[in-house]
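Got your viewer open? Let's take a walk through this one together, one selection at a time.

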Amino acid sequence: MLASRTVGLGASLRHATFAPRLVRNQAVLSRVVPRRTVQTESFTPAQNVDILNKQRLRRPSSPHFTIYQPQLTWIGSIANRGTGAALSALLYGFSIAYLIAPGIFDSTHVVETVAALPESVKYIGKALLAAPFAFHSFNGLRHLSWDLGKFLSLKGAYATGYAVLGATAITTVALTLYK
């Protein structure tokens with residue numbers, strides 16, 4: 001260190017040692033390699049939104065609907081979510097209606113209203129309530145079996161899927177015809 005101070009090379013050595021080589025190489029390359037120019041256009045915010053909306057119209061909404069063959073596994077998953085949401089909306093809707101107007105939505109008035117309906121409307125209503133309830137219940141049992149490590153193969157998933165559909169059909173008919 002003392003020798004470099006004596007000769008006066010200290011600052012030069014520090015600069016050569018700690019200066020990034022990439023920067024020096026880029027300075028050399030910038031003189032050798034010609035630059036490419038890119039032309040850009042400035043748009044107003046309204047034009048930007050218009051371009052973005054045109055691009056969105058050309059995109060598919062969900063590629064799996066158009067490029068994949070429907071499978072029991074993902075149809076069952078979507079149906080399970082849908083039936084769960086529908087049953088929850090029905091439960092919360094009736095509960096909120098009862099809280100808002102307890103004199104109209106109490107059990108006596110509900111029973112009287114349903115008793116006054118024609119038989120065909122009662123059966124249709126029972127089927128519309130029984131089908132999602134049965135499917136969601138049996139598919140929940142299917143998911144619990146998966147949590148236990150059972151039926152995790154593709155063959156097992158399809159077997160339990162068809163079992164859920166069969167049990168749903170039988171239970172829906174039984175609950176609909178029950179008096």
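Which residues are linked in a network of salt bridges? Select Glu119, Lys122 and Lys179, and you have the network on screen. One thing to keep in mind as you click around: this is a predicted model.

**Stop 1: the salt-bridge network**

Start with glutamate 119 and lysine 122, whose side chains meet in a salt bridge at 3.5 Å, N to O. Both of them sit in helix 8 (residues 119-147), 3 residues apart, which is about one turn of the helix. Colour them by accessibility if your viewer can do that: lysine 122 is partly exposed at 22%, and glutamate 119 is partly exposed too, at 41%.

Now add lysine 179. Its side chain meets glutamate 119 in a salt bridge at 3.7 Å, N to O. This pair links distant parts of the chain, with lysine 179 in the segment after helix 9 and glutamate 119 in helix 8, 60 residues apart. Lysine 179 is exposed, with a relative accessible area of 72%.

**Stop 2: one more salt bridge**

How many salt bridges does a search of the whole structure find? The count is 3. For another one of them, select lysine 54 and aspartate 50, whose side chains meet at 3.5 Å, N to O. Both lie in helix 4 (residues 45-58), 4 residues apart, or about one turn of the helix. Lysine 54 is partly exposed, with a relative accessible area of 49%, and aspartate 50 also counts as partly exposed, at 39%.

**Stop 3: zoom out**

Switch to a cartoon view for a moment. You should be able to trace 9 helices and 0 strands. Reading along the sequence, the pattern is α-α-α-α-α-α-α-α-α. The protein has 179 residues, and 14% of them count as buried. Turn on the surface and you are looking at about 14700 Å² of exposed area, with carbon and sulfur atoms supplying 68% of it. As for contacts, take those between residues at least 6 apart in sequence: 65% of them join residues at least 24 apart.

**Stop 4: a nonpolar patch**

Keep the surface on and select Phe94, Tyr98, Leu99, Ile104, Phe105, Val110, Val114, Leu117 and Val121. Together they form a nonpolar patch with about 790 Å² of accessible area. Which helix gives the largest share of the patch? That is helix 6, with 3 residues. Helix 6 and helix 7 (107-115) each supply at least two residues.

**Stop 5: aromatic pairs**

Stay in the patch and look at rings. The whole structure has 2 aromatic pairs. One is phenylalanine 94 with phenylalanine 105, an edge-to-face pair with 6.1 Å centre to centre and 90° between the planes. Phenylalanine 94 lies in helix 6 and phenylalanine 105 in the loop between helix 6 and helix 7, so the pair ties together parts that are 11 residues apart in sequence. Phenylalanine 94 is partly exposed, with a relative accessible area of 40%, and phenylalanine 105 is partly exposed at 31%.

For another pair, select tyrosine 158 and tyrosine 162. Their ring centres are 6.3 Å apart and their planes are at 45°, so this pair is tilted. The two tyrosines are 4 residues apart in helix 9, separated by about one helical turn. Tyrosine 158 counts as partly exposed at 25%, while tyrosine 162 counts as exposed at 53%.

**Stop 6: two buried residues**

Follow helix 9 (residues 154-177) along to threonine 176. Is threonine 176 buried or exposed? Its relative accessible area is 11%, so it is buried. Show what touches it: leaving aside neighbours within four places in sequence, threonine 176 is in contact with Tyr123, Lys126, Ala127 and Ala130.

Last selection: asparagine 80, in helix 6 (residues 72-100). Asparagine 80 counts as buried because its relative accessibility is 14%, and the cut-off for buried is under 20%. Which residues does asparagine 80 touch, not counting those up to four places away in sequence? Light up Phe135, His136, Asn139 and His143, and you have them.

Conventions: Residues numbered from 1 in each chain as written. Predicted model: local features only at pLDDT ≥ 70, side-chain atom pairs only at ≥ 80, totals over all residues. Heavy atoms only, no water. Buried < 20%, exposed > 50% of the residue type's maximum accessible area, 1.4 Å probe, protein only. Contact = heavy atoms within 4.5 Å. Patch = residues over 30% accessible without salt bridge, like charges linked within 9 Å, V, L, I, M, F, W, Y side chains within 5 Å. Areas by Shrake-Rupley, 256 points an atom, 1.4 Å probe, with all protein chains shown as cover. Salt bridge = Lys/Arg side-chain N within 4 Å of Asp/Glu carboxyl O. Phe/Tyr/Trp six-rings, centres within 6.5 Å; stacked < 30°, edge-to-face > 60°.
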